[in-house]
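Colleague: I am new to this structure and would be grateful for a guided discussion. May I put my questions one at a time?

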Amino acid sequence: MAAAYDYIIVGAGSAGCVLANRLSADPALKVLLLEAGGRDTSFLIHMPAGIARLTTPAVNWLYQTEPQSELAGRRLFWPRGKTLGGSSSINAMVYIRGQRADYDHWCRLGNPGWGAESVLPYFRRAEHNESLEDEWHGRGGPLNVCMRRYTNPLSHRFVAAACAAGLPANPDFNGREQYGAGLYQVTQKAGRRCSAASAYLHPVARRPNLTVLTGALALRVVLAGRRAVGVEYLRGGIRTEARAQREVLLAGGAINSPQLLLLSGIGPADELRAHDLDVHHDLPGVGRNLQDHLDVHVIHACTRPVTLDPRARGFGALRTALRYALFRNGPGVSNVAEAGAFLRTSIETSPPDLQMHFIPAYVVDHGRRRMPGYGMTLHVCYLRPGSRGTIRLASAKPTDPPRIDPAYLTDPSDLAPLIAGIRRARDIYAQAPLRAELGEEVFPGAARRTDADLESFIRCAAETEYHPVGTCRMGLDAAAVVDPQLRVRGLEGLRVVDASIMPTLVSGNTNAPVIMIAEKAADLILGAHPTA
């Protein structure tokens with residue numbers, strides 16, 4: 001006989017950990033949390049600078065996109081977390097909420113309750129900010145937000161150079177104004193990564209009404225007519241079914257949640273039939289509306305060994321790890337993407353539509369390609385792309401990765417902002433605070449000067465900024481997958497709670513917004529009201 005729970009949560013990533021914490025706070029509710037990956041025990045997860053080495057199948061889905069027609073036919077690497085904490089256990093720990101206009105736009109699209117004033121209490125409730133407590137920031141929440149214990153000197157010089165290039169200094173991208181340059185706040189605590197698992201799950205893991213199963217791959221949502229009544233999952237080679245007396249909550253992210261809906265016979269009928277799957281609910285929007293921030297880099301050699309590079313190689317890496325293990329300080333605390341900026345492609349554009357991440361090291365091919373010497377990397381992404389892609393099934397086998405097609409640059413208007421971003425990056429590098437450290441421009445290379453040159457480089461070198469969203473879009477129209485209460489349209493007892501419900505991308509990194517979404521979802525599920 002199948003074990004019964006009040007709520008079954010599929011996916012122990014950022015959203016799933018929040019839900020597990022908030023729902024199991026009521027001892028009368030029995031909660032099951034399923035995670036396909038293993039436990040988050042790796043030292044490299046908890047040492048922030050270990051991020052560069054978290055591209056292994058033990059903690060990462062290691063997805064690849066379909067060949068991208070506008071990116072020279074390349075398949076792009078899409079890392080996604082496969083462990084407790086999900087992508088919050090492998091990301092760069094940058095804490096960014098986005099712009100107020102992002103959420104007001106969601107509201108105007110037909111999602112009441114998701115405007116900036118409505119979501120701010122959930123950002124504040126989630127947060128424990130070590131240095132800020134005001135109308136924007138919270139104190140006492142599970143998610144620790146702070147400034148790093150260690151910042152490379154070049155990151156401070158980047159901020160000074162950006163200001164010399166005309167940007168204002170901005171000490172808080174999550175306050176009244178996002179525009180400007182500054183050091184990123186990070187999700188760390190006492191020098192360790194503060195993932196969603198560390199913040200929300202581990203402190204409550206011993207609750208008797210909360211069951212956490214790792215190595216449990218969800219195979220399908222079990223339906224009884226129009227109602228979700230359970231989940232079938234594979235663990236240790238054994239198929240098991242768990243029953244949900246109240247709701248099934250999908251929190252697998254923008255890739256895995258639509259995949260599981262499709263495997264369950266929920267999605268576009270023609271696609272389901274093409275894989276010989278029974279059509280339980282024809283829902284055309286499942287897997288559509290995929291959005292991501294496309295990223296292009298400008299990399300310079302550095303004239304002196306002041307970067308993170310020598311601290312991540314050979315004996316330098318051993319010294320870094322030892323110092324970190326003993327004192328929780330030094331380069332091991334670096335989240336690598338230490339500083340950044342939000343800027344406009346033109347004076348007329350408001351609010352900012354470009355984001356930069358400055359890394360005081362060479363970072364090529366997601367850190368998987370080692371380069372000799374010392375370097376500086378400046379990443380640029382366009383915050384509001386028009387391109388829309390899809391998540392589709394490759395087969396009816398749950399163990400087969402889905403077909404990921406972000407359709408980058410299929411909206412031609414996405415290209416010009418990236419070209420402008422490269423030029424702005426070059427302008428920042430050329431300013432006095434960085435000029436003394438500046439060696440040759442490695443990428444795109446000083447010879448690439450024209451728009452055509454830079455377009456060619458973008459098509460051959462651009463990569464994901466790791467922000468996929470939108471594939472179970474929230475709304476009230478026929479193409480929406482979930483309603484503003486995150487309930488799957490046309491079914492009962494089934495919600496989606498993760499980045500896939502975003503109608504449009506937020507202006508920045510997506511982890512903090514996902515945690516906000518899950519905090520709000522917990523209230524929607526329990527019928528509670530936000531804490532001011």
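Modeller: A salt bridge is a side-chain nitrogen of Lys or Arg within 4 Å of a carboxyl oxygen of Asp or Glu. Please bear in mind that this is a predicted model.

Colleague: With that definition, at what N to O distance do the side chains of R74 and E463 meet?

Modeller: The cut-off for a salt bridge is 4 Å between nitrogen and carboxyl oxygen. The side chains of R74 and E463 meet it, with an N to O distance of 3.4 Å.

Colleague: How many residues apart in sequence are the parts that R74 and E463 tie together?

Modeller: R74 and E463 are both buried. R74 belongs to the loop between β3 (63–64) and β4 (77–78), while E463 belongs to strand β23 (residues 463–464), so the parts tied together are separated in sequence by 389 residues.

Colleague: Which residue forms a salt bridge with R97?

Modeller: R97 has a relative accessible area of 5% and is therefore buried. Its partner is buried as well, at 1% relative accessibility. The closest N and O atoms of the pair are 2.6 Å apart, and the partner is E127.

Colleague: In which strand does E127 lie?

Modeller: R97 is in a salt bridge with E127. R97 lies in the loop between β4 and α3 (100–108), so the pair ties together parts 30 residues apart in sequence, and the strand that holds E127 is β5 (residues 127–129).

Colleague: Is E247 buried or exposed?

Modeller: The side chains of E247 and R495 meet in a salt bridge, at 2.6 Å from N to O. E247 lies in strand β13 and R495 in strand β24 (residues 494–496), so this pair ties together parts that are 248 residues apart in sequence. R495 has a relative accessible area of 8% and is buried. Buried means under 20% relative accessible area, and E247, at 11%, therefore counts as buried.

Colleague: How many salt bridges does a search of the whole structure find?

Modeller: Some salt bridges share partners, and in this way R22, R125, E519 and D523 are joined into one network. For the whole structure, the search finds 28 salt bridges.

Colleague: Let us turn to the strands. Which residue of β12 is the bridge partner of R220?

Modeller: Strand β11 (residues 216–224) and strand β12 (residues 227–235) run antiparallel and are joined by eight bridges. Their hairpin has two residues between the strands, and G225 takes a positive phi near 65° there. In β12, the bridge partner of R220 is E232.

Colleague: Which residue in β13 stands opposite G230?

Modeller: β12 also pairs with strand β13 (residues 238–250), in the antiparallel sense and over six bridges. These two strands form a hairpin with two residues between them, and G236 in the turn has a positive phi of about 60°. Opposite G230, in β13, stands R243.

Colleague: How far apart in space are L34 and A216, C-alpha to C-alpha?

Modeller: L34 is placed in strand β2 (residues 31–34) and, at 1% relative accessibility, counts as buried. Beyond its neighbours within four places in sequence, L34 has contacts that include I8, L213, A216, V231 and Y233. L34 and A216 are 182 residues apart in sequence, yet their C-alpha to C-alpha distance is 5.8 Å.

Colleague: What length does helix α10 reach from its first C-alpha to its last?

Modeller: Among the buried residues of α10 are L415, I419, I422, R426 and Y429. The helix (residues 415–429) has 15 residues, for which 21 Å is expected at 1.5 Å a residue. Close to that expectation, α10 reaches 22 Å.

Colleague: Which residues does N511 touch, not counting residues up to four places away in sequence?

Modeller: N511 is placed in helix α13 (residues 511–526). At 15% relative accessibility, N511 counts as buried. The residues that N511 touches, with those sequence neighbours left out, are S14, S88 and N91.

Colleague: Finally, which residues make the nonpolar surface patch of about 360 Å²?

Modeller: One member of the patch is L322, placed in helix α9 (residues 314–327). Exposed means over 50% relative accessible area, and L322, at 53%, therefore counts as exposed. The nonpolar patch is made by L322, L326 and F327.

Notes:
Residues numbered from 1 in each chain as written. Predicted model: local features only at pLDDT ≥ 70, side-chain atom pairs only at ≥ 80, totals over all residues. Heavy atoms only, no water. Patch = residues over 30% accessible without salt bridge, like charges linked within 9 Å, V, L, I, M, F, W, Y side chains within 5 Å. Areas by Shrake-Rupley, 256 points an atom, 1.4 Å probe, with all protein chains shown as cover. Helix = DSSP H or I, 4+ residues; strand = E, 2+ residues; numbered from the N terminus. Buried < 20%, exposed > 50% of the residue type's maximum accessible area, 1.4 Å probe, protein only. Expected span 1.5 Å × (residues − 1). Pairing = 2+ DSSP bridges. Contact = heavy atoms within 4.5 Å.
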